[in-house]
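This report describes the architecture of a single protein chain, from its strands and helices to its charged side-chain pairs. Please consult the sequence and structure shown below while reading.

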Amino acid sequence: MAVVHNRECRAGSAAVEFAIVGPVLILILMGLVVYGGWFWLAQSVQSVATETARAAVGGLDDHERQTMAQAYFTDVISDTAGLDPSKAAVVVGTDAMTIRVRVSYDAREHPVMSMAGLVPSPPPIIERQAVVRIGGY
């Protein structure tokens, strides 16, 4: 018995293969976008915390350091890419040897996080801190 090769029996196989692989590929791409955007936001929050701590070093006492840090934070947060000042908070703590700045940012309503419904989402609250030593060497 002779084997007959018929090309028409393979028609549509690419569509079937894409139907199997396509959704997985789309989910992987969505995950890349969501986590890439989250890491971008987290790096922006860390940058704001670091720069705020550096700005506070110029103060002569604890009160002046806290005032300088709050003022710098208010100025820089609106200029940092992708961050909404109304969703950010800063806490400045000082002691005899360090200045500690903790910045938290609520990313729940950020456009990047709105795509997180299909993939496991990263933490919606981003908290980063920076510490600058001012004495005790």
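How many bridges join E2 to strand E3, and in which sense do the two strands run? In this predicted model, E2 and E3 (residues 125-133) are antiparallel and are joined by nine bridges.

## Strand pairing

Strand E2, which covers residues 98-106, also pairs with strand E1 (residues 88-94). That pairing is antiparallel as well and extends over seven bridges. Three residues lie between E1 and E2, and the two strands form a hairpin.

Individual residues fix the register of these pairings. On the E1 side, Thr94 is placed opposite Ile99 of E2. On the E3 side, Thr98 has Arg133 as its bridge partner. In a regular strand, side chains point alternately to one face of the sheet and to the other.

## Overall organisation

The protein chain contains three helices and three strands. Their order along the sequence is α-α-β-β-α-β. The chain is more spread out than a compact globule, because its radius of gyration is 25 Å, well over the 14 Å that the globule rule gives for 137 residues.

The dimensions of the C-alpha trace along its principal axes are about 95 × 35 × 20 Å. Buried residues make up 31% of the 137 residues in the protein chain. Among contacts with a separation of 6 or more, 62% are between residues 24 or more positions apart.

## Helix H1

Helix H1 comprises residues 13-56. With 44 residues at 1.5 Å a residue, H1 should span 64 Å, and this agrees with the 64 Å between its end C-alpha atoms.

A bend of about 40° is nevertheless found in H1 at Val21. A proline, Pro23, follows within four residues of that position.

## Salt bridges

The whole structure holds five salt bridges. One of the pairs lies in H1, where the side chains of Arg54 and Glu51 meet with an N to O distance of 2.9 Å. Arg54 and Glu51 are about one helical turn apart, because three residues separate their positions in H1. Arg54 has a relative accessibility of 52% and therefore counts as exposed, the cut-off being over 50%. Glu51, with a relative accessible area of 30%, is partly exposed.

A further salt bridge connects Lys87 with Asp84, whose closest N and O atoms are 3.5 Å apart. Lys87 is partly exposed at 24% relative accessibility, and Asp84 is likewise partly exposed at 31%. Lys87 and Asp84 also belong to a network of salt bridges that includes Glu109. The side chains of Asp106 and Arg108 form another salt bridge, at 3.4 Å from N to O. Here Asp106 counts as partly exposed, with 25% relative accessibility, whereas Arg108 counts as exposed, with 53%.

## Summary

Strand E2 pairs with E1 over seven bridges and with E3 over nine. Helix H1 has an end-to-end C-alpha distance of 64 Å and bends by about 40° at Val21. The charged pairs include Arg54 with Glu51, Lys87 with Asp84, and Asp106 with Arg108.

How values were computed: Residues are numbered from 1 along each chain as its sequence is written. This is a predicted model: local features need pLDDT of at least 70, side-chain atom pairs count only at pLDDT 80 or more; totals for chains, interfaces and linings use all residues. Side-chain values use heavy atoms; hydrogens and water are left out. Two strands pair if DSSP finds at least two bridges between them. A salt bridge is a side-chain nitrogen of Lys or Arg within 4 Å of a carboxyl oxygen of Asp or Glu. Buried means under 20% relative accessible area, exposed over 50%, partly exposed in between (1.4 Å probe, protein chains only). The expected span of a helix is 1.5 Å times one less than its number of residues. The bend at a residue is the angle between axes fitted to the seven residues ending there and the seven starting there. The radius of gyration is taken over C-alpha atoms; the globule rule is 2.2 Å times the number of residues to the power 0.38. Contact means heavy atoms within 4.5 Å.
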